[in-house]
Amino acid sequence: MKQRMRSDDPLDRGRFPVDPWRLVETDYRPEDLGTTETVFAVGNGYLGMRGNPEEGRDAFAHGTFINGFHETWPIRHAEAAYGFARTGQTIVNVPDAKVMKLYVDDEPLILGTADLEHYERRIDFREGVLRRQLLWRTPSGKRVQVTSSRMVSMTQRHLAVLTLEVTMIDGDAPIVISSQILNRQDGEDEYHVRDAAMGEGFDPRKSAAFDERVLLPRGHEVNDHRMWLGYQCARSGMTLAVAADHHLRTDDPHDAVARCEEDRGKMVFRIDATEGNTVRLEKVVTYHSSAGVPVRELVDRCDRTLDRAARFTVEEHHADQRAWFERYWDVADVEIGGGAVLQQAVRFNLFHLAQATTRADQQGVAAKGVTGSGYEGHYFWDTEIYVVPFLTYTQPHIARNVLHFRTRMLPAARARAREMAQSGVLFPWRTINGEEASAYYAAGSAQMHINADIAYALMQYIGATNDIGFLVREGAELLVETARMWEELGFWRRRNGHPPSFHIHGVTGPDEYTTVVNNNLFTNVMARFNLERAALVIERMRVEQPTEYDRLARQLDLDPAEPEQWQRCADGMTIPFDEGLGIHPQDDFFLDREVWDLSRTPDELTPLLLHYHPLVIYRFQVLKQADVVLAMYLQGDRFTPEEKRANFEYYDPITTGDSTLSAVVQSIVASEVGYHEAAMDYFRQAVFVDLGDLHGNTVDGMHVASLGGVWSALTFGFAGMNDRNGRLSFAPRLPKEWSHLAFKLAWRGSRLQVTITQDELRVEVLEKGEDEVRVRVRGEVHSATIDRPLRVALPDQGPRIDGLLGKVPQTGGTRADGTTITAGVPEPMAFDEEPVIPAEMETGE
């Protein structure tokens, strides 16, 4: 998908035409199968199906995934130590029900070798159904029209609906359709080839390689139109059942043969097809999973789901899906006056956000959603910092579900804190079941900022919704336990003539190219916020809700003096600052290092982690992703405008962007400090990260955090939205080439329409929660009601600094010890072949 690369549009528009509401592919090409399988995936947050062809072959990486359904395995450390993660968790590629093989005159349709006179695959973001249409000329010269559809239901969490239509355009022919459920994880592919079961491009080195069977058969059955297979994971004990109903519609003579075995179920339809008549197969599929419910119970649930689905036609299921997406776009759409190319890309991102989050229900949101096995299906801090803001302001009930999922992890997080000699809780850096699964602690477990990230998302949700009930019942416990961890982790230092200061040592911030440091700025800034909010909430509960406070105090053995101590830690928190350079060092010793000159680093040596040993990278001032800049975005009121600009100008040239988490943050802060062209450049990098496969790894699944970050770049970046301290404000900085930006927000029970043009900001109250919505615009307080929209004239779009910063670092500055900052580039390692980096080294996307 990288052909005809242009600075503003990386797609080949002859193959992927511009359409603000659809993604359309007009030409089949095998060289980028992995990418197109991801971008054409369908899912609902619980169940996901990659965009593999119905025929099975050709495919780069087959995939059907269920959120949270995983196998465990022992992590074997070459040199183990106390507290290292012991149990790995990997999402399982569940049995594939997408397969509907087609034979005409006994010749199989295989896209990679077929003579296709016409090919089109499309997904309409307003419909949520993947459709494909092709005209195939068979080896015998007959033309056959093949049309298919695939839908994972947004309203029925466990349901998928597939169709295949075959019409003989020229002549008659015997047709065979072999509909299958296929266990690719342990078995063979649709042509009984074991090595190809997972796809031609499957690389076992990129994920946990199981050396024994994963899915243990627990039953199978087939009758006239329904078949099911049941399994249990060998180690985790999780259970699964998958079932499918079939309905063949044709006027031509036909029969059916059913067969079922441990790793494959087949429903084979044989039709004597005549010219002009359409053969239509409808396949309705359901998946049910559990942490340990017997398979027989899950089969019963499958039966109930299929029986209920059978009461409606496929067209009615499609209409139900379209109605759901109509409601979704009514709350989530972002309209930009910046051209159809960017509009399509924005909606593509928002569409996949829906597919990653909607029916996760009370599970987490994995880094790849349910579109691929990248990062082994794990949940990270990405969810809270990049995805939850979108949910909070568009669909707050889903944000609450995600936060509730984190509170369910508290028992495991308590156990992890004890293991790490800490009080309170310590959330795992990467996990599925709540246990720490990060074997590379330097860039994993040391990122203790995840505690504060979760607390931040909680308080952002509370500020936007005023959901005090959730805060009291679940959130307060999380705040207490995370604050206790920070108080225990840090320590006090005293110097003559100076007040005591609170320090946090031996941690890693978001930038994984700098690890296990003292006083990482991001960690300290976020920990301070966590401590302050815990103290504030608990004190308010004590005064305003004494009954709930007493319950919590008894449950957690809460000392009345603890909140005061948390506030003291926050007030004394060390925030590194270099007076000479006028910037915030990323940590205590960051400026002591030599600067990595990215302007003299060849493109072929990026990303750095693929070409340099971690210890080489750790010796330099170089960032994988935004760290101080991210702190300025999330806690912007704790930095002056001058500090923000100075920090951005220092860190931007040494930030590689090797992580997809970085561009959105750099866009937001660039916009705020005035680098409007840089803001747009970073926004384009973010909005096309998957659609254009800009990092070359979309094959592993969608970058869900970046999807959410795109929404934040639009709202918190270009719209200048701010929600700190529960106050809604705007300081617009609309790109000069855009005519307008419009989006809707949920705010404390109200629904708002926000529209920004080059001359004006408008806020309309569409649904009333509070009688009056108070909004600050560039510091001035205004109000809007359902009968009185707010209109504020804008004399400008904030400060404007032309140009990009480039990658030439700032050097020549003087450190505190009088030495001069210099830059260099290390010689790369030499490999006969490209090294494969373990998943543990690729955290943070």
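This passage walks through the overall build of the chain, two of its strand pairings and one histidine.

The model is a predicted one, so local features were kept at pLDDT of at least 70 and side-chain atom pairs at pLDDT 80 or more, while totals for chains, interfaces and linings use all residues. Numbering starts from 1 along each chain as its sequence is written, and side-chain values rest on heavy atoms, with hydrogens and water left out.

Starting with the big picture, the chain holds 18 helices and 33 strands; these are DSSP runs numbered from the N terminus, with at least four residues for a helix (H or I) and at least two for a strand (E). The chain's radius of gyration is 28 Å, close to the 28 Å from the globule rule for 845 residues, so it is as compact as a globular protein of that length. Here the radius is taken over C-alpha atoms, and the rule is 2.2 Å times the number of residues to the power 0.38. Along the principal axes, the C-alpha atoms fill a box of roughly 95 × 65 × 55 Å.

Of the 845 residues, 63% are buried (under 20% relative accessible area, with exposed being over 50% and partly exposed in between; 1.4 Å probe, protein chains only). As for contacts (heavy atoms within 4.5 Å), 68% of those with a separation of 6 or more join residues 24 or more positions apart.

Now for the strands, which count as paired if DSSP finds at least two bridges between them. Strand E29 (residues 760–767) runs antiparallel to E32, and four bridges join the two. One of the partners is Val792 in E32, which is bridged to Leu761. Val792 also sits on the covered face of E32 (residues 790–793) along with Leu790, whereas Arg791 and Ala793 are on the uncovered face. That fits a general pattern: in a regular strand, side chains alternate between the two faces of the sheet.

Elsewhere, three strands make an open sheet with parallel pairing, in the order E24-E23-E33. Its edge strands, E24 (620–621) and E33 (823–824), each pair on one side only. Strand E23 (residues 594–596) is joined to E33 by two bridges, and Trp596 stands opposite Gly824 in E33.

Finally, His378 is found in the loop between helix H4 (340–357) and helix H5 (382–394). Its relative accessibility is 1%, so His378 counts as buried. Leaving aside residues up to four places away in sequence, His378 touches Gln89, Ala366, Ala367, Arg430, Thr431, Ile432 and Ala437.
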